[in-house]
Amino acid sequence: RVSKWLIRAALLQLLSGAMLGAGYLVFKAEGWFPTIVTHLGTHQEQMLVGWMVQLVIGVAYWILPRPAEQAADASAGVMWLIFWLLNVGVLVASLGTDPLLPAWLLLVGRVAETVAVVLFARHAWGRQRAYRAGARTVLV
């Protein structure tokens with residue numbers, strides 16, 4: 001269930017970031033929407049972290065095998081924390097790119113994103129395993 005929400009949120013970030021990017025392109029071509037220039041950092045944050053990183057985490061959580069001794073709900077709490085840290089981090093870092101708001105917001109958002117990624121890497125590390133440890137097939 002967490003992976004569904006991660007992927008849905010990633011798609012919403014893609015939609016929002018693409019709309020901002022389209023507005024920025026219209027500004028560059030026609031000069032319309034001059035206030036869109038202040039939202040370029042938001043566009044970059046949404047497309048890179050909000051869409052790409054979140055999509056990778058959602059798919060990786062779904063596809064990586066769970067240890068047999070681990071219940072399905074055992075890792076859900078950590079993954080929900082990762083979900084919220086990542087999305088709040090994108091929001092706060094996006095606010096930090098606005099020149100009218102304090103610049104420390106960018107740092108706080110990036111720290112939240114980094115903590116989310118490190119937590120996921122730690123979580124995914126235990127789920128790594130060889131396909132078949134005893135098989136020694138050589139592909140020709």
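Hi everyone. Let me start with one cut-off: a residue is called buried when its relative accessible area is under 20%, exposed when over 50%, and partly exposed in between. Keep that in mind, because glutamate 45, at 3% relative accessibility, is a buried residue by that rule, and we will come back to it shortly.

Before that, a quick tour. What you see above is a predicted model. The chain has 140 residues, and 33% of them are buried. Its secondary structure consists of four helices and zero strands, so if you read from the N terminus, the order is simply α-α-α-α. Now look at the contacts between residues at least 6 apart in sequence: 70% of these join residues at least 24 apart. On the outside, the chain exposes about 9300 Å², with carbon and sulfur atoms supplying 70% of that area.

Let's walk along the helices, beginning with H1. Helix H1 covers residues 2–30. Its 29 residues should span 42 Å at 1.5 Å a residue, and the end C-alpha atoms are indeed 42 Å apart, so the two agree. Several residues of H1 are buried, including Val2, Leu6, Gln13 and Leu20. The cover over the buried residues of H1 includes H2 and H3. Just after H1 comes glycine 31, which takes a positive phi of about 85°.

Next, H3. This helix has 21 residues and reaches 30 Å from its first C-alpha to its last, close to the 30 Å expected at 1.5 Å a residue. Among its buried residues are Met79, Ile82, Phe83, Leu86 and Asn87. Which helices do the buried residues of H3 pack against? They pack against H1, H2 and H4.

That brings us to the inside of the model. The largest nonpolar core has 17 residues, and the members that touch the most others are Val2, Leu6, Ile57, Met79, Ile82 and Phe120. The elements giving two or more residues to this core are H1, H2, H3 and H4. H3 gives the most, with six residues. If you would like one residue to click on, try isoleucine 57. Setting aside neighbours within four places in sequence, isoleucine 57 is in contact with Leu6, Met79, Ile82, Leu86 and Phe120.

Now back to glutamate 45, as promised. How many salt bridges does the structure hold? There are two. In one of them, glutamate 45 pairs with arginine 110, and the closest N and O atoms are 2.7 Å apart. This pair links distant parts of the chain: glutamate 45 sits in helix H2 (residues 40–63) and arginine 110 in helix H4 (residues 104–125), 65 residues apart. While glutamate 45 is buried at 3% relative accessibility, arginine 110 is at 39% and therefore counts as partly exposed.

Arginine 110 also meets glutamate 113 in a salt bridge, with 3.8 Å from N to O. These two are three residues apart in helix H4, so about one helical turn separates them. Glutamate 113 has a relative accessible area of 6%, which means that it is buried. Through shared partners, the salt bridges join Glu45, Arg110 and Glu113 into one network.

Staying with H4 for a moment, have a look at threonine 114, which lies in this helix. Is threonine 114 buried or partly exposed? At 47% relative accessibility, it counts as partly exposed. Its C-alpha atom is separated by 8.2 Å from that of leucine 86, although the two residues are 28 apart along the chain.

Finally, let's turn to the surface. Leu91, Leu95, Leu100 and Leu101 make a nonpolar patch of about 410 Å². One of these, leucine 101, is found in the loop between H3 and H4. With 35% relative accessibility, leucine 101 counts as partly exposed.

To recap: we have four helices, a largest nonpolar core to which H3 gives the most, and a salt-bridge network of Glu45, Arg110 and Glu113. Thanks for listening!

Notes. Residues are numbered from 1 along each chain as its sequence is written. This is a predicted model: local features need pLDDT of at least 70, side-chain atom pairs count only at pLDDT 80 or more; totals for chains, interfaces and linings use all residues. Side-chain values use heavy atoms; hydrogens and water are left out. A salt bridge is a side-chain nitrogen of Lys or Arg within 4 Å of a carboxyl oxygen of Asp or Glu. Buried means under 20% relative accessible area, exposed over 50%, partly exposed in between (1.4 Å probe, protein chains only). A nonpolar core is a set of buried Ala, Val, Leu, Ile, Met, Phe, Trp, Tyr and Cys residues joined through side-chain atoms within 4.5 Å. Contact means heavy atoms within 4.5 Å. Patches are made of residues with over 30% relative accessible area and no salt bridge: like charges are joined within 9 Å, nonpolar side chains (Val, Leu, Ile, Met, Phe, Trp, Tyr) within 5 Å. Accessible areas come from the Shrake-Rupley method with a 1.4 Å probe; for residues, only the protein chains shown count as cover. The expected span of a helix is 1.5 Å times one less than its number of residues.
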